[in-house]
Amino acid sequence: MRPQREYHIVVLGAGGVGKSCLTAQFVQNVWIESYDPTIEDSYRKHIEVDGRQCILEILDTAGTEQFSQGFLLVFSITSMSSLNELAELREQIVRIKDDENVPIVIVGNKSDLEEDRAVPRARAFSLSQSWGSAPYYETSARRRANVNEVFIDLCRQIIRKDAQGRSEDYELAPRKRENTSRQERKRGKRREPKRKGPCVIL
């Protein structure tokens with residue numbers, strides 16, 4: 001059985017777009033009708049993603065980008081200004097992480113308010129493409145539409161990036177092992193040329 005991995009996620013976006021409602025629906029399966037914006041919550045959720053056991057720590061506050069591995073950037077489909085704010089948030093994330101390929105999911109929340117839509121889907125998809133095909137979902141925290149999907153997609157991205165980093169480290173490992181073996185052989189020949197010792201696998 002694969003060990004559990006813990007990943008840190010931050011949910012960012014303008015005020016009133018439903019960040020806390022999304023998180024509460026995902027973690028606790030509850031709809032928060034009215035939320036106190038002065039409260040900063042941290043949630044933990046155990047999920048299984050493609051057979052992997054994962055623990056997500058989800059923060060609903062800015063200022064923790066440096067220590068996070070993935071980001072949900074949330075806007076409201078009823079507010080164009082909330083969409084426009086995401087560009088600056090992404091720039092800050094890329095600058096802090098020094099990485100253009102940070103795991104990000106763009107979330108257009110409040111899809112249940114279609115009659116009040118101010119952000120055309122095409123506009124959001126255009127933003128998604130300009131960010132290197134960052135996944136875009138429309139969600140409704142009230143109706144629990146696509147709530148699990150956005151967190152699972154983000155977790156998949158983090159797992160892939162984590163595996164890629166481990167693969168790159170592994171590619172360097174044979175060279176390190178070979179150099180170490182040569183050094184060991186040289187030391188063995190120099191110090192104890194006739195002694196037969198145990199086989200050591202590094």
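A salt bridge, as I use the term today, is a side-chain nitrogen of Lys or Arg within 4 Å of a carboxyl oxygen of Asp or Glu. Hello everyone, and please keep that rule in mind for later.

A word on the ground rules. This is a predicted model, where local features need pLDDT of at least 70, side-chain atom pairs count only at pLDDT 80 or more, and totals for chains, interfaces and linings use all residues. Residues are numbered from 1 along each chain as its sequence is written, and side-chain values use heavy atoms, with hydrogens and water left out.

Let's begin with the sheet. Helices (H or I, at least four residues) and strands (E, at least two) are DSSP runs, numbered from the N terminus. Two strands pair if DSSP finds at least two bridges between them. On that basis, six strands make an open sheet with mixed pairing, in the order 2-3-1-4-5-6. Which strands are the edge strands? They are strand 2 and strand 6, each pairing on one side only. From one strand to the next, the twist averages 25°; axes here are lines fitted to C-alpha atoms, for helices over the stretch in contact, and angles run from 0 to 180 degrees between N-to-C directions.

Please look at strand 3 with me. Strand 1 runs parallel to strand 3, joined by six bridges, and His 8 stands opposite Glu 57 of strand 3. Strand 2 pairs with strand 3 in the antiparallel sense, over eight bridges, with Glu 48 opposite Gln 53. Those two strands, 2 and 3, form a hairpin with two residues between them, and Asp 50 in the turn has a positive phi of about 55°. Strand 3 is also mostly covered, with seven of its eight residues buried. Buried means under 20% relative accessible area, exposed over 50%, and partly exposed in between, using a 1.4 Å probe and protein chains only.

Now for the helices on the sheet. Helix 1 lies across strands 1, 2, 3, 4 and 5, and runs at about 50° to strand 2. Helix 2 packs on the sheet too, touching strand 1, strand 4 and strand 5, and its direction makes about 160° with that of strand 4. Contact means heavy atoms within 4.5 Å.

On to the inside. A nonpolar core is a set of buried Ala, Val, Leu, Ile, Met, Phe, Trp, Tyr and Cys residues joined through side-chain atoms within 4.5 Å. The largest one has 29 residues, and those with the most contacts inside it are Phe 26, Leu 56, Ile 58, Leu 72, Phe 151 and Cys 155. Elements supplying at least two residues each include helix 1 (19–28), strand 3 (52–59) and helix 4 (147–191). Helix 4 gives the largest share, seven residues. A second, separate core of 20 residues includes Leu 59, Leu 73, Ile 93 and Ile 106.

Cysteines next. How many disulfides does the structure hold? Zero, with a disulfide being a pair of cysteine sulfur atoms within 2.5 Å. Take Cys 54: the closest cysteine sulfur, in Cys 155, is 3.8 Å from its own, so the two are too far apart for a bond. Cys 54 counts as buried, at 1% relative accessibility. Cys 21 is buried as well, with a relative accessible area of 11%.

Back to our opening rule, by which the count comes to eleven salt bridges. Glu 100 pairs with Arg 90, the closest N and O atoms being 3.4 Å apart. This pair links distant parts of the chain, ten residues apart: Glu 100 sits in the loop between helix 2 (80–97) and strand 5, and Arg 90 in helix 2. Are the two partners buried or exposed? Glu 100 counts as exposed, at 53% relative accessibility, whereas Arg 90 counts as buried, at 15%.

One more group to show you. Glu 114 and Arg 117 meet in a salt bridge at 2.9 Å, N to O, and Glu 114 is partly exposed at 37%. Arg 121 bridges to Glu 138, with the closest N and O atoms 3.3 Å apart. That pair joins helix 3 (residues 121–130), home of Arg 121, to strand 6 (residues 136–138), home of Glu 138, across 17 residues. Arg 121 is partly exposed at 43%, while Glu 138 is buried at 13%. Through shared partners, salt bridges join Glu 114, Arg 117, Arg 121 and Glu 138 into one network. Thanks for listening!
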